[in-house]
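Please follow this explanation with the coordinates open, moving from one region of the chain to the next.

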Amino acid sequence: MPTVVLMDSSLSMTRPVSVEGSEEFQRKNLAVHGLTMLFEHMATNYRLEFTSLVAFSSLWELLVPFTRDYNTLQEALNNLEDYDKTCLEAALQGVSNVVQQEWGTSCPCQVVLVTDGAMGIGRGSLRHSLQTLKQRTDDKKFPLPFPFPSKLFVMCIANAEEFQASDGLDNLELLISLNGGDGQIYTMEGPLCLKSVQAMFGKLIDQAYSPLHAVLRCGNLASDVQVFPRPEPVLIDEEVDPIPKTVQTDLEIVGFIEIGDISSPPVLSRHLVLPIAVNKEGDEMGTGTTDETEEEPSTNQMAGKSPNFCVLLHGSLKVEGMVALVQLGPDWFGMLYSQADSKKKSNLMMSLFELGSEPLPWLGRMTQLGPASDAAENPYGEDDSKSPFPIQPKHKRSYAQNVTVWIKASGLQTDVQKIFRNARKLPEKTQTFYKELNRLRKAALAFGFWELLKSVAELLERECTLLPDSAHPDAAFQLSHAAQQLKLASTGDSKYAAFEHNITPMLTDFSGGGAERM
């Protein structure tokens, strides 16, 4: 889960605070000290994650794009300049742009806003932005909620007493509420000093940047592990009163399977699993590498020298090309596997499947899987030339026709072009033309895509006007008829937009008898 640090660099952050032994100490210095603590923690424990630094006042600036190099982040933080007044709305829009350009709208992201709580005065202030929420047009919408899943944490370089005389805290709480409610506001307890800011950022680290401590078991073997980042609770939408499902602290390996059979399964999230090294006195020791040339911690480099099942498991999975299926909780499974970051470096990773007993349909029910040795004959064959997967369903399903799916714009464009290729060959391709037309009509009605029907109708009318003089007269009649029927369907009227209804060719006769009737 990437992190965006949004640092307030307005003039109010330069207000002095009284710290013993320092003549010129500002709120900005406290913020830098707290972020330094956060960066040091992430550099040690979250080296797989990407972090970005954005500074803002009346304008915003991307100081450091998403990176794993915390030295670069720290250097930019130390060289941060002071600017003018605070305008948070523009900064939030900047965060939205930065995240979408790098990760799109599906990747969850954490936003850490560091400010003194003075959110500006007059036009452009947070109070003014929130007061004008209902008077905005679509092109000037407030940037919250973010278009991607996110958590918003506000770190206030101020204590609760400073907010009593203003509505600053209420505005910040409304900010989190607008973003969906995921996040929290932190204020400093007691006087503004280094100890207070350390305690505040320590609470953030405990909530958002602490690993899951668990025990990984396989039969009689076990190992204490840390899972980075901590897996998020999962809700099942189908439940009436959903209760968040959390990963249990006892992770039980239930079996092993070849990488080829697991394929590329859909997963909820991916996490790094590190073993905890313990010395002779029983104290927990570091598990990450201290080599600055390495970007990520490896399970192969252990601070302790005692045997560790987690290290054995990682090496075995890497050599054998297999994955371990692990039970995360009741009716919830995942997999452990080795992921290589370079020729010399690899990590033990854990991916979480969707909840349920059949997260991967081609494997069937997880509870019905068993060891290959229990089968009457080796399901993989003597020469590993076959595989028991994917499991074939007991009842063979039959489909009358393929389902139309438009995931990308190119798929829709292809279907429309197919209609017009047949339209230019009327009347020879009359049956094919109406077949493709009805397929598009049904799909558009199923999706509620009324605009598509109207647009295709207009294109058919335009195609009719572009017919050459040598074209068969029946082509113009069929195109006009098809366009009229699509326009009627686009109104949504049940009389013309029935899903079961098919547009049939217009009955015409240009083969001699028609002239006598005229």
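In which loop is Ile 407 found? In this predicted model, Ile 407 sits in the loop between β15 (346–352) and α10 (409–423). With a relative accessible area of 75%, Ile 407 is exposed, and together with Val 403 and Val 405 it makes a nonpolar surface patch of about 360 Å². The loop between β15 and α10 also holds Pro 390, and the peptide bond that leads into this proline from Phe 389 is cis, with omega near 0°.

Before other regions are taken up, the confidence of the prediction deserves attention. The protein chain averages a pLDDT of 84, and 88% of the residues score at least 70. Two stretches stand apart from that average: over residues 278–303 pLDDT stays under 50, although the model has 61 contacts beyond four places in sequence for this stretch, and over residues 511–518 pLDDT again stays under 50, here with two such contacts beyond four places in sequence. Where pLDDT is low, the predicted coordinates should not be read in detail.

Helix α2 shows how burial can be distributed around a helix axis. Within α2 (residues 70–78), the buried residues are Tyr 70, Leu 73, Gln 74, Ala 76 and Leu 77. They lie on the same side of α2, because the arc they cover around the axis is only 165°. An α-helix has 3.6 residues a turn, so residues three or four places apart point the same way. On the other side of α2, Asn 71 and Glu 75 are exposed. As for what covers the buried residues of α2, the elements include α1 (27–45), β2 (51–56) and β3 (60–67).

The charged side chains offer a second way through the structure. Side chains of opposite charge can pair when their charged atoms come close. With a cut-off of 4 Å between a side-chain nitrogen of Lys or Arg and a carboxyl oxygen of Asp or Glu, the count comes to eleven salt bridges. One of these pairs joins the side chains of Arg 136 and Glu 89, at 2.8 Å from N to O. This pair links distant parts of the chain, 47 residues apart, with Arg 136 in the loop between α4 (126–131) and β5 (150–159) and Glu 89 in helix α3 (residues 88–103). Arg 136 counts as partly exposed, at 22% relative accessibility.

A further salt bridge is formed by the side chains of Arg 217 and Asp 250, with an N to O value of 3.6 Å. Here the linked parts are two strands, since Arg 217 belongs to β7 (residues 212–218) and Asp 250 to β9 (residues 250–258), and the two residues are 33 residues apart. Both partners count as partly exposed: Arg 217 has a relative accessible area of 32%, and Asp 250 is at 36% relative accessibility.

Between two helices, the side chains of Asp 415 and Arg 439 meet in a salt bridge of 3.1 Å, N to O. Asp 415 is in helix α10 and Arg 439 in helix α11 (residues 430–447), so that this pair, at 24 residues apart, again links distant parts of the chain. Is Asp 415 buried or exposed? With a relative accessible area of 11%, Asp 415 is buried, which places it under the 20% cut-off, whereas Arg 439 counts as partly exposed at 27% relative accessibility. The pair belongs to a network of salt bridges in which Asp 415, Glu 436 and Arg 439 are linked.

The backbone, finally, has some geometries to check. Most residues other than glycine have a negative phi, and most peptide bonds are trans. Against that background, the peptide bond from Leu 144 to Pro 145 is cis, with omega near 0°, and Pro 145 is found in the loop between α4 and β5. Ser 263, although it is not a glycine, has a positive phi of about 55°; this serine is found in the loop between α8 (259–262) and β10 (269–275) and is partly exposed, with a relative accessible area of 47%. Asp 331, also a residue other than glycine, has a positive phi near 60°. Its place is in the loop between β13 (322–329) and β14 (332–340), where Asp 331 counts as partly exposed at 40% relative accessibility.

Key:
Residues are numbered from 1 along each chain as its sequence is written. This is a predicted model: local features need pLDDT of at least 70, side-chain atom pairs count only at pLDDT 80 or more; totals for chains, interfaces and linings use all residues. Side-chain values use heavy atoms; hydrogens and water are left out. pLDDT is the predictor's confidence in each residue, from 0 to 100. Contact means heavy atoms within 4.5 Å. Patches are made of residues with over 30% relative accessible area and no salt bridge: like charges are joined within 9 Å, nonpolar side chains (Val, Leu, Ile, Met, Phe, Trp, Tyr) within 5 Å. Accessible areas come from the Shrake-Rupley method with a 1.4 Å probe; for residues, only the protein chains shown count as cover. Helices (H or I, at least four residues) and strands (E, at least two) are DSSP runs, numbered from the N terminus. Buried means under 20% relative accessible area, exposed over 50%, partly exposed in between (1.4 Å probe, protein chains only). The arc is that of the directions from the helix axis to the C-beta atoms.
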